[in-house]
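This briefing is intended for a bench biochemist who wishes to read the structure with its charged side-chain pairs in view. Please consult the sequence and the structure together.

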Amino acid sequence: MTSRLLISLSLLLAWQKVCAQLAPADDFFNGGAQLYISNNVPAALERVENGLKIYPSDEKLKKLEQLLKQQQQSQQNQQNQSQQQQSQQQKSDDQKKQQPQNQQNQKDQQKQDEQKQNQSDQKKDEQQKQEQQKSSAEKQKDEQLDKREGQPVKPGEMTPEEAKRLLDAQKNGEQLLQLKPPEKPRDNSKPVKDW
């Protein structure tokens, strides 16, 4: 049994040497550095730790491991800070929501009241303008009638208003006569060409 254990240990050591020959320490360092550059710190740290298992005395791998651990720690601190900020932001948002919304409702109500007032003022202005226009038109008609009534109409004559009404009535009843262009006179003395 001890012989089997010795054989397995020797095989394990031989395997580590073979692996060490296949992947030198620089390969672990370079792979870890590439992962660090691509901002994949956990994978880079794993790669460097695997290299340190095979090459525990390699200075490059040790320094890179320290750098990666510091970077991982700072990322965790940043995550904690951002989580704290988010929780504080949520608390402040909740407090704002919990404040009575009466202020906002009052502002909205004031805006609506102002809009209604503006609309009613505009309607009143429009109605006043329409009434003024109607009254001025009625005054003009009355003045024209007064002028006409004051002038005697001679027999066989019409007032301009009556003439206009008559013309309008005829215009509505008339159809347009389409004129045919005059034909050229024919000269019957010339023979008609028929070919």
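The points below cover overall architecture, surface and contacts, and salt bridges.

The model is predicted. Its chain has six helices and zero strands, and burial is limited to 10% of the 195 residues. Three salt bridges are present in the structure, and each is described below with the exposure of its two partners.

**Overall architecture**

- Read from the N terminus, the elements follow the order α-α-α-α-α-α.
- Helix α2 covers residues 25-37, and helix α4 covers residues 59-98.
- Helix α6 covers residues 160-173.

**Surface and contacts**

- The exposed area of the chain is about 18500 Å², of which carbon and sulfur atoms contribute 49%.
- Of the contacts between residues at least 6 apart in sequence, 47% connect residues at least 24 apart.

**Salt bridge between helices α2 and α4**

- K60 and D26 form a salt bridge through their side chains, with an N to O distance of 3.4 Å.
- This pair links distant parts of the chain, since K60 belongs to helix α4 and D26 to helix α2, 34 residues apart.
- K60 is partly exposed, at 44% relative accessible area.
- D26 is likewise partly exposed, with a relative accessibility of 39%.

**Salt bridge within helix α4**

- The side chains of E65 and K69 are also paired in a salt bridge, at 3.4 Å from N to O.
- Both residues, E65 and K69, sit in helix α4, where four residues, or about one turn of the helix, set them apart.
- E65 has a relative accessibility of 17% and therefore counts as buried, because the cut-off for that class is under 20%.
- Its partner K69 is partly exposed, with a relative accessible area of 44%.

**Salt bridge within helix α6**

- R165 and E161 meet through their side chains in a salt bridge of 3.1 Å, N to O.
- Helix α6 holds both R165 and E161, which lie four residues apart, about one turn of the helix.
- R165 has a relative accessible area of 52% and so counts as exposed, because that class begins over 50%.
- E161 is partly exposed, its relative accessible area being 33%.

**Background on charge pairing**

- Side chains that carry opposite charges can pair when their charged atoms come close.

Key
Residues are numbered from 1 along each chain as its sequence is written. This is a predicted model: local features need pLDDT of at least 70, side-chain atom pairs count only at pLDDT 80 or more; totals for chains, interfaces and linings use all residues. Side-chain values use heavy atoms; hydrogens and water are left out. Helices (H or I, at least four residues) and strands (E, at least two) are DSSP runs, numbered from the N terminus. Buried means under 20% relative accessible area, exposed over 50%, partly exposed in between (1.4 Å probe, protein chains only). Contact means heavy atoms within 4.5 Å. Accessible areas come from the Shrake-Rupley method with a 1.4 Å probe; for residues, only the protein chains shown count as cover. A salt bridge is a side-chain nitrogen of Lys or Arg within 4 Å of a carboxyl oxygen of Asp or Glu.
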